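Visitor: Could you pick one part of this protein and take me through it slowly? I'd like to see how a single piece sits among its neighbours.

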Amino acid sequence: MNDATSYEVTIVGGGMITEMQILPSLYHLQRLGLINKINICALNAAPLRSLANIQILRTAFPGQSFTAYPDYTSVSDQETFPDLYRQVISGMPPRQIVFIALPDHMHNQAVLFALNHDQHVLCVKPLTLKHKEAVSIGELAHEKGLFVGVEYHKRFDDRVGMARLKYRAGEFGEFRLGYATLVEPWWYRDSNFQNWCISENSDMFTYIGCHYVDQVHLITGLLPVQVSVYGTEEDYPNGRKGYLWTNARVIWENGASLAVLNGMGYPNVGPGGNSQGIWLFTQGKTDGGLMFHDDQYRGVKHAYISKGEDAGETFYNEPSPDYFKLVERGGDGLTPVGYGYRSIEGLVQAVRRVEKAAEQATGQQALIKRRRQIETIDKEGIIATPSNSSFNELVVEAGRLSIVNSAREVIIQYGKSAGVRFRE
Ligand SMILES: NC(=O)c1ccc[n+]([C@@H]2O[C@H](COP(=O)([O-])OP(=O)(O)OC[C@H]3O[C@@H](n4cnc5c(N)ncnc54)[C@H](O)[C@@H]3O)[C@@H](O)[C@H]2O)c1
């Protein structure tokens, strides 16, 4: 039996997504009692020191902290610790939570390691870069009755939830044509992205385009069957190359098509955190339908009389209140709000549901009960799991094959011999 009410969490990766979304969300869940200890592992000391000293997090969560691996107070920034996370996970009690927030190409190994050490796993998207890897992860998790959830936070954006209900009630008719764009800021080029989001590992479609492919599936239930991705390779400031502008075409099982435009070039002087949104054109018997989400401009306009010096800080700003913000809600510190927080909470609650289901049982009985609960979550289709969202891995795999072959069309096959191949 496990304590089904509160978990130790080890976050592996101390970068941007940990800072902006995962850590503050987990701090709040710690405040609510769902999480007890928080560990964070990074490759070296610098990101951990920086996380520990972020003023807004100290203000928002007074008295709360994490245990850093390596201990940034006693090692130099030059030393690296690529395997330390394995030691930390090995030392955790069974069936706690490991949150993988590593660069895309490192997810698979780390997820498998955590599962093999009896931990529930939450992972930032994309789960893996290869479909076979996601399948193996799903199989191992099933064998051990462990939950694996993939963090697609747009699934928790209420406008997506509204669209899903209305689409599935038939109020939009059928999706026929769409385009989505998500262009990240130019200043990302100067960040750690230049060390890993490079041509041999990833590209802008793989990194960020998957959100909108996932979203179309969540709303419509359709599966993608064909992908082609055109990308231009550009130099990062450190001289490494990345596919920093990508234009993908995704064909769906009903013949509908979605263009997905991604890039790392939203102007630093622009008022938003990035440029993003989706248009879906649909049809009924006698008229067309339309769904448009402006996901960047969410109705807020601010002009400040002073601004910070960091890249992307602007006098005129259009901040999104919907993704992730820390606001006053009474009580100590600040409270996280937005779909970024709801997504992390949803994932942790899913682990709790799995553990709760088996609370009164032991041995084989407990394993069966945990498996059943995981199957229920799979079927609900709200939280992405290896079993209900592995089309995303097929799209990523197809996209990677296409982009390095001058945008050749790649077919996705489902079923027993699921995989990707060039269109003849
Ligand atoms: N919109 C989104 O859903 C979204 C946004 C940002 C990032 N992400 C995903 O999150 C992941 C990380 O992105 P990021 O922006 O935080 O990247 P980042 O480059 O800022 O951070 C990567 C972190 O991994 C750590 N790391 C590298 N090797 C390690 C090792 N061997 N052991 C422990 N730590 C190690 C580094 O120290 C660093 O802290 C990526 O998979 C990315 O696709 C998703």
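Guide: Before we zoom in, one bit of vocabulary: two residues are in contact when they have heavy atoms within 4.5 Å. Also keep in mind that this is a predicted model.

Let's start with the whole thing. The protein chain has 12 helices and 18 strands. Its C-alpha trace spans about 60 × 60 × 45 Å along the principal axes. A compact globule of 424 residues would have a radius of gyration near 22 Å, and the protein chain has 21 Å, so the two agree. Of the 424 residues, 54% count as buried. If you take the contacts with a separation of 6 or more, 70% of them are between residues 24 or more positions apart. As for the outside, about 18300 Å² is exposed, with carbon and sulfur atoms supplying 52% of it.

Now for our part: helix α5, residues 107–116. Here 7 of the 10 residues are buried, so α5 is largely enclosed by the rest of the structure. "Buried" means under 20% relative accessible area. The buried residues are H107, N108, A110, V111, F113, A114 and L115. What do they pack against? Their partners are helices α4 (84–90) and α6, plus strands β4 (97–100), β5 (120–124) and β6 (148–151). Just past the helix comes D118, whose phi is positive, near 60 degrees.

Let's follow one of those partners, α6, which covers residues 131–144. The axes of α5 and α6 come within 10 Å and cross at roughly 10 degrees. Angles under 35 degrees count as roughly parallel, and that makes α5 roughly parallel to α6. On the α5 side, the residues that meet α6 are N108, V111, L112, L115 and N116. Look at how those numbers step along. An α-helix has 3.6 residues a turn, so residues three or four places apart point the same way. From α6, the residues taking part are E133, I137, L140, A141 and K144. Sorted by class, this contact has 6 nonpolar, 2 polar and 2 charged residues.

Helix α6 has another neighbour too: helix α12, residues 391–403. Their axes come within 8 Å and cross at roughly 155 degrees. Angles over 145 degrees count as roughly antiparallel, and that makes α6 roughly antiparallel to α12. H131, K132 and A134 of α6 make this contact with E393, L394 and E397 of α12. The class count here is 2 nonpolar, 1 polar and 3 charged.

One more residue belongs in this corner of the picture. K130 is found in the loop between β5 and α6. With a relative accessible area of 43%, K130 is partly exposed. Leaving out residues up to four places away in sequence, K130 touches E393 and E397. Those two glutamates also turn up in the contact of α12 with α6.

Finally, glance over at α4, another partner of the buried residues of α5. In the loop between β3 (67–69) and α4 you'll find F81. Its relative accessible area is 21%, which makes F81 partly exposed. Apart from residues up to four places away in sequence, F81 touches A42, L43, P70 and V75.

So, to put α5 back in its place: this helix is largely enclosed, and α6 runs roughly parallel to α5.

Note on methods: Residues numbered from 1 in each chain as written. Predicted model: local features only at pLDDT ≥ 70, side-chain atom pairs only at ≥ 80, totals over all residues. Heavy atoms only, no water. Axes fitted to C-alpha atoms, helices over the stretch in contact; angles between N-to-C directions. Helix = DSSP H or I, 4+ residues; strand = E, 2+ residues; numbered from the N terminus. Parallel < 35°, antiparallel > 145°, perpendicular 65-115°, else oblique. Nonpolar A, V, L, I, M, F, W, Y, C, P; charged D, E, K, R; others polar. Rg over C-alpha atoms; globule rule 2.2 N^0.38 Å. Buried < 20%, exposed > 50% of the residue type's maximum accessible area, 1.4 Å probe, protein only. Areas by Shrake-Rupley, 256 points an atom, 1.4 Å probe, with all protein chains shown as cover.
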